[in-house]
Amino acid sequence: MTEKPIKAAGISKIYKSFLGKRATVLHDISLDVEEGEIFGLLGPNGSGKTTLISIFSTLIFPERGSLSILGMDARRDSKEIRKVINISTAKPNFPWSLTVRENLRYYGMLYGLCGSALSQAVEDQIDAFELGDFRDMTFENLSTGLKQRLSLAKAMLNHPRLLFLDEPTTGLDPDISIKTRRLIKRIHEEENIPVVLSTHYMPEAEMLCDRIAFLRNGRIVAMDTPSNLKKHLGLGERIVITYEGSADIVAIQSLPGVLAIKSEIGRLEIVIDRVEDSLDRIVKLFCAAKILNITIREPDLEDVFLELAR
Ligand SMILES: Nc1ncnc2c1ncn2[C@@H]1O[C@H](COP(=O)(O)OP(=O)(O)OP(=O)(O)O)[C@@H](O)[C@H]1O
Ligand SMILES: [Mg+2]
């Protein structure tokens, strides 16, 4: 049986300030990452995502708990682990006066590549991440999106068996974010490696992740597949009706399955369990009004997050 990419049990992390004050920023984190999955760490600023990724990638060590990465002990075997993992972070910082190609060669050498193997690995990543037109541009002159692409290319140079991405689209324009997400999906499919990805952007987690752990104040408050999270939290679908005239709001509120309603002039938002059972009855309660539009949407992770934060 192959070992799980990540097996973490009871991880706690305490930071000490230079005045000796101690702050526990991760509390008793236990999770496993399975072979081939994209595992999302989702949470607001300061919830502990980067700290946890730093622990998983053996950059720092926890005060408590046990951690196995690809079957190796995170503390004892950290040197071996670092050879077979890689990481790309938001706002990557590379030697600013080196070009894209020189930066990749520099990292390739750090990973022990030389000669034709190094040249080939660099060219492969330049091709894979469509960096050919920018190969001779220095890091300082690259746009934020290109810096992120270079960082992803660097992260794939050693063909990692486990990849960490810390907020891979933070600070990118929406269209560049979409492109970057597609790139991440493609890497994951082509290389078939497990990926641990942190984000505070719900649609990103929903689009990319097989499973998600929500972190809040250093604790996991929920962990499941995106669809189970939506289901188990009892989040209903959202029906938004815009209309002219008057509707029987009180009657709608007391229909079975209606979890909540938000009423404004000419607009009614209904959160409902199993929309198909009640849509017909809802519409009938608008007989004295003219319905202008009806939209129905499934709950997204933003709704889950708001629910968990309550
Ligand atoms: N080196 C450090 N020394 C002391 N405290 C730290 C250190 N690094 C992080 N922290 C604290 O640990 C907590 C978790 O920080 P972390 O950076 O892991 O959160 P995050 O979820 O990645 O946040 P963000 O979304 O802003 O990136 C925060 O309260 C932060 O201030
Ligand atoms: Mg962070």
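Me: In this predicted model, what covers the buried residues of H4?

Reply: The cover includes helix H3 (100-110) and helix H5 (144-156), where covering is judged by contact, that is, by C-beta atoms that lie within 7 Å.

Me: Which residues of H4 are called buried, and what makes them so?

Reply: They are Ala121, Val122 and Gln125, and the term applies because a residue is buried if 20 or more other C-beta atoms lie within 10 Å of its own. Gly115, Ser116, Gln120 and Asp127, on the other side of H4, are exposed, and each therefore has 12 or fewer such neighbours.

Me: How do you know where on the helix the buried residues of H4 lie?

Reply: Viewed down the axis of H4, the buried residues fall within an arc of 95°, so they line one face of the helix. An α-helix has 3.6 residues a turn, so residues three or four places apart point the same way.

Me: What is the length of helix H4 set against, and how does it compare?

Reply: Helix H4 (residues 115-128) has 14 residues, and its first and last C-alpha atoms are 20 Å apart, which is close to the 20 Å expected at 1.5 Å a residue. Just after H4, Glu130 takes a positive phi of about 50°.

Me: Which class is most of the shell around ligand 1 assigned to, and why?

Reply: The shell has eight polar, two nonpolar and one charged residues. Tyr15 and Val25 are the nonpolar ones and Lys49 the charged one, whereas Gly43, Gly46 and Gly48 are among the polar residues because Gly is counted there. The largest share of this shell, three residues, comes from helix H1 (residues 49-56).

Me: How do you know that the two domains touch, when 40 Å separate their centres?

Reply: The chain is divided into domain 1 (6-224) and domain 2 (234-309), and the separation of 40 Å refers to centres taken over C-alpha atoms, whereas touching is judged residue by residue. Seven residues of domain 1 are in contact with five residues of domain 2, so C-beta atoms across the boundary lie within 7 Å.

Me: What makes up the side of domain 1 that touches domain 2?

Reply: Helix H7 (202-208) and strand S10 (219-224) each give two or more residues to that side, with the largest share, four residues, coming from H7. By class, that side has six nonpolar, no polar and one charged residues.

How values were computed
Residues numbered from 1 in each chain as written. Chains lettered and ligands numbered in written order. Predicted model: local features only at pLDDT ≥ 70, side-chain atom pairs only at ≥ 80, totals over all residues. Near = placed C-beta within 6 Å. Expected span 1.5 Å × (residues − 1). Arc of directions from axis to C-beta. Domains from an automatic or database assignment.
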